[in-house]
Amino acid sequence: MTLPRDARILALGGLLCAGVALLHFAIIFVGAPAYRYFGAGERMAIRDERGDLLPAAITAGLTLMFAVWSA
């Protein structure tokens, strides 16, 4: 049995949001190089290198937001 077109599109959106959530989760652990690579800005990377928790907190918030959207 196949899902209706609308349900498939919604499921695809959920999968994509879950993937983005996982990416943001990984960025927290990779640190400054990941912030630079994915375009978060040099200030975020420098703050992360200095041990500031703000970049990780912002990224964790984005992770949570995308995880909720994926649900």
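The paragraphs below lead through a predicted model, moving from Thr63 to Ile28 and then to the surface around Tyr37.

A convenient place to begin is Thr63, which sits in helix H4, the helix that spans residues 54-70. Thr63 has a relative accessible area of 13% and is therefore classed as buried, since that class takes in residues under 20%. Its side chain has a partner along the chain, for a polar atom of the Thr63 side chain lies 2.8 Å from the backbone oxygen of Thr59. When neighbours within four places in sequence are left aside, Thr63 is in contact with Ala21, His24, Phe25 and Ile28.

The last of these names, Ile28, leads to helix H1, which covers residues 5-30. With a relative accessible area of 22%, Ile28 counts as partly exposed, because the buried class ends under 20% and the exposed class begins over 50%. Again leaving aside neighbours within four places in sequence, the contacts of Ile28 are Tyr35, Ala56, Thr59, Ala60 and Thr63, so that Thr59, whose backbone oxygen lies 2.8 Å from a polar side-chain atom of Thr63, appears here as well. As for distance within the chain, Ile28 and Ala7 are separated by 21 residues in sequence and by 32 Å in space, taken from C-alpha to C-alpha.

The surface offers a further view through Tyr37, a residue of helix H2, which runs over residues 32-37. Tyr37 has a relative accessible area of 67% and is therefore exposed, the threshold for that class being over 50%. Together with Leu23 and Phe38, Tyr37 makes a nonpolar surface patch of about 350 Å².

Note on methods
Residues numbered from 1 in each chain as written. Predicted model: local features only at pLDDT ≥ 70, side-chain atom pairs only at ≥ 80, totals over all residues. Heavy atoms only, no water. Patch = residues over 30% accessible without salt bridge, like charges linked within 9 Å, V, L, I, M, F, W, Y side chains within 5 Å. Areas by Shrake-Rupley, 256 points an atom, 1.4 Å probe, with all protein chains shown as cover. Salt bridge = Lys/Arg side-chain N within 4 Å of Asp/Glu carboxyl O. Helix = DSSP H or I, 4+ residues; strand = E, 2+ residues; numbered from the N terminus. Buried < 20%, exposed > 50% of the residue type's maximum accessible area, 1.4 Å probe, protein only. Polar contact = N/O pair within 3.5 Å; in protein donor to acceptor, adjacent residues only side chain to side chain. Contact = heavy atoms within 4.5 Å.
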